[in-house]
Every structure is written in C-alpha cells, then in structure tokens.
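Me: Got a minute to walk through a structure with me? I'd like to ask about a few bits of it.
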Amino acid sequence: MKVIVTDEVSDSGLQLLEEDPRVSVDVRLKLSAEELRAQIGAYDAIITRSGTRVDRALLEAGENLKIVARAGVGVDSVDIDAASERGIIVVNAPTGNTNSAAEHTFALLLSLCRNVTVANDNLKSGDWQRAPFTGHELRGKTLGIIGMGKVGGRVARRARAFEMDVVVYDPYISEKRAEDFGVRLVQLDDLLRLADIITVHTPLNEETKGMIGPAQFERMKDGVLIVNCARGGIYVEDATLQALESGKVIGAAFDVWSQEPPDSETLKKLIAHPKMVVTPHLGANTFEAQKNVAIDVCREILAYLDGKPLTNAINIPRFDPDLMEHMKPFMALASTIGNFISQLAPPNPRKVTFTYSGQLARYDCTPLTVCGLAALLNRHTEREVNLVNAGLIAREMGIEVEAVRTTETESYSNVVSLALETPTGKRVIAGTLFEGRPKIVKMRNFDTDFRPEEHMLVLSYQDRPGLIGKIGTLLGDAGVNIGNMNLGRREKGGEALVVFSTDSRVDEATIAEITAAIQPDYIRAVSLPK
C-alpha cells in the first residue's frame, strides 16, 4: 500500500506504517491542489490534517484511493459524500486530541476571565497596573455547554471541579449521561437564558453551522462570556462582532474561525477586538495530541490492510465505541457467513435477509449487515465492494436487503443467519461464536457444527455406505490432506451434507473425479481469507 502524507503528522504514527513491509510512505508537504491531484492517482491512502482539502476533484483523481485518514477530529475538509460514492473509507481520530481540546478551552476561558493576555502585554511594556485587570471567578457561575460529546464531557468534569453549575444542550444524549456528569440537560433557549458563560463543542455540519446567530445572542444574559474551541462557523461571526460592540457579550475566547487563515474584514475586526482572546486553531496542538491522533489514524490504515473492523470510520455504520470491542467478533462472523454463502449459492440473488437472534438482537445490528453484505457482494461484481459502498451497490444490482432482529433463539445465546433468495431457490446459512471464533451451525435445512477454515469442500449426496471413504481416498490420491469433517443428515439413506476442511484447495480436476465416483447432488470448493 502506498500512502501519501500531505500535512505535518507526528513521526510516532508514521513509524507504525514504515515498520510494516506492506506499506510505502511518502511525505509530500505544501503541495498545491493541482500538484496533489496530479500525484494522488499513484496512492492507496492519504493522511491529512486541516491543511489539505480532500474535495470531489481530488477523490476522482485518486483512482486507486481506498482510505482517507484525517489526523484529527474534524472532517469538514473532506467531501464525505464523494468519498462514499467511490467506496473510499474516511477515518479520523476523534479521541486523540480530546483532552488537549478540553484543556485549551479552559486555558482560553481563564485567560479571558483573569485578563491574562492584556495584563501580560501591559507588564512587559514596562507598566505596572492592577486595577484595570480585575477579573471574574468561575466558582458559582453557570456554564452552558452546547454539545456533550467527548470534549464537551471533559469540559463538564473540569467545570464541576471549579465549582461551577453546568447546563447542557445536546439532543443526542440521554438524561442518564447528563446525570453521570453531574450536569443538567436543558433546551437551547433555556441554556442561552441561564448561562453566564457559553462554550460550544459540536462538529460543524448543516445542523450546527450558524446555530448561534443574532436571535440566539438576543436571548443571552447581558454580560455573557462566550468560548469557541470547536469549529469556526458555529457562531455567526458578524453577529458575534456586533454582540461584543454592543456590550451584550463582555468577552469572547475563540480558537477557530470560519476562514483559516482569517482574511475577511469581519474576521480581522473580530480578532483585533479588545474583548477577544484569540489563538490560531491550537486546540489540538499539543505534543501529546499530535502523537495520539497520528497513531490512531495509522492504526486504522493497518487495520484496513489486515481486514479488521475500523474503529473510527466516518462513512461506515458502526457500533457505539463502548460496544465496539464486544461486537468485533460478530462482525467477523457476519463477513465469514457472507463470504461462505457467496461461493455456494446460485447466481443472480434478488433478496438477502440477515436475521440476528438472541442477546445480539438488543443492539442496532446495521454494522453487521454491512459487513456480511460487503463480503457477499464482492464475488458478484467486478467493482470492489466494501463497508462504505455495499448498500449502494446492492441497490444498483436490484438486490433487496432486509435485517430482522429477534431475542428468541433455540440452542445458542446468539445466532447470525443469512438467507439468500435467487430465481432457482433459497439458501440459508447460520453461525454463532464459540470461544470467540465463528462456527457454522446451519446450512440449508441441515444442522451443522464446524469452524470455517481457509480451504473447504462442500458436498451433498444421497447417503450410501462407503461414500465418505471414496471421497477420502480421492482427496488423498490428489495430495489433499483432510483436517476435519462434519456430516449432516436428517435420516438414514437420505440426503447428506458433508463439509471437509482441507490443508490446501481442492482443484477442479479432483472435483471432477469425485463427481464421477459418487455422483453428488452438489459439490463446491470454498476458500476463505486466513
């Protein structure tokens, strides 16, 4: 895999890639957009920070591009929709700079409240004054936090340590999460009315862009303080300037801007305002954070190479981070089942149904469905199918995808089953986890009990004495060693299903010999990734 790095990224992360013989890393900083478009076609992955805009034109030029790794939290510099259309995975590092951003929020807030920046400049100029720099304590103030994600949660904890009252607006968290942090969940209008200090910690998207504008400033207390260490554009900047000039807002601390570097007259006036404490997007700019985010995105690239689930993929359905480790084995199970049945079923599938039974059904199983679907479709189309574009490709192929959840199960605590409907019939396969590894427990209407291996031979035939011995002899004559065998049947002398695990793939010539010797109803060699 060839990786291009277009912004400054900590060597701690890049070293992980450079130590892997499968990876070649090129650090190419300060390329123009035209230069990058001309070169991107040679690379499989790109690692960026905020200095590189990964737009549709760049993604279209990246004909071999498989993954965009943003070494930081925000992905507003990446065209997610364009990446998804092309099956390109976008990953970020949402936790690597969490602590850094939370601490910078308080660095700015305390500097603002205690007039640190202006007092510093005054003293260094040779003057000695104290009265002009009388400040404000945090203790007893009400802090309004908009966005109670990872950074917002850390800010809340630190605010409680300063003995502040904390109110939070976040329509996507539960009352219990707020209670766990010792804060009160309120509506936005109530937060604006109650807060002495307001800080935002949301991503920049259609919902949050310009969410604090003239109407919201009007609802705030007179003399409020505001902070932005999240993303430029959440506060309407000309309205912020007006609020400062009118005295509605008596102080503001901003680290981020809608235009970076700032160039508009409004931003220049805002930055120069005497009631503003400003920094040039330093929220994640600590040695620790830069190391963490670089390591996180490079680990994601290696996980992609290893075929493992990605923890921080933006455009792939995923579980809550707290569930991710628990669910990874089930993602592997769904992929195994999809891959397995794709090699056995008749062509032209028209409907795929995933059924999740048992305790597993209590969770949103969409990530499992996508894993299984991607593995299934990869053998049915010339396009590379992955977790990003599996649903889109299924729709393009006219395949209906359904997911069913039920807490009822007969023999196992959790079962994942896949039913594939084609013009010539229906095929069903089901599996569970045993000691953390996939196990197939049903094929068609046969009960089975085997672990999928790299090489297998699947046969069905009318059960007669001596057939298993004949198959074993023919495999032995071909130099194929049998590792395990699982036999399923419903009655003596009836149809039987047998699955052999073999040490090497059974070739077409050997399959032809077995077919001639025992006349099976069905025979197929199956290969799965190691």
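What follows is a chat about a sheet and some helices.

Reply: Sure. Keep in mind that this is a predicted model.

Me: OK, the sheet with β1 in it: what's the strand order, and is it open or closed?
Reply: The sheet is open and has five strands, ordered β2-β1-β3-β4-β5 with parallel pairing. At the edges sit β2 (24-27) and β5 (89-91), each pairing on one side only. On average, neighbouring strands are turned by 15° against each other, ignoring direction.

Me: How many bridges join β1 and β3?
Reply: Three bridges, in the parallel sense, between β1 (residues 2-5) and β3 (residues 45-48). V3 has A45 in β3 as its bridge partner.

Me: Which strands does α13 touch?
Reply: Helix α13 (residues 287-306) packs on the sheet and touches β3, β4 (67-70) and β5. Its direction makes about 160° with that of β4. Then there's α1 (residues 11-18), which lies across β1, β2 and β3 and runs at about 145° to β2.

Me: Switching to α17. Which residues are buried there?
Reply: In α17 (residues 467-477), they're L467, I471, L474 and L475. Down the helix axis these buried residues fall within an arc of 100°, so they line one face of α17.

Me: Why would that spacing work?
Reply: An α-helix has 3.6 residues a turn, so residues three or four places apart point the same way.

Me: And what do the buried residues of α17 pack against?
Reply: β19 (455-462), β20 (482-489), β21 (495-502) and α18 (508-518). Just after α17, G479 has a positive phi of about 80°.

Key:
Residues numbered from 1 in each chain as written. Predicted model: local features only at pLDDT ≥ 70, side-chain atom pairs only at ≥ 80, totals over all residues. Heavy atoms only, no water. Buried < 20%, exposed > 50% of the residue type's maximum accessible area, 1.4 Å probe, protein only. Helix = DSSP H or I, 4+ residues; strand = E, 2+ residues; numbered from the N terminus. Arc of directions from axis to C-beta. Contact = heavy atoms within 4.5 Å. Pairing = 2+ DSSP bridges. Axes fitted to C-alpha atoms, helices over the stretch in contact; angles between N-to-C directions.
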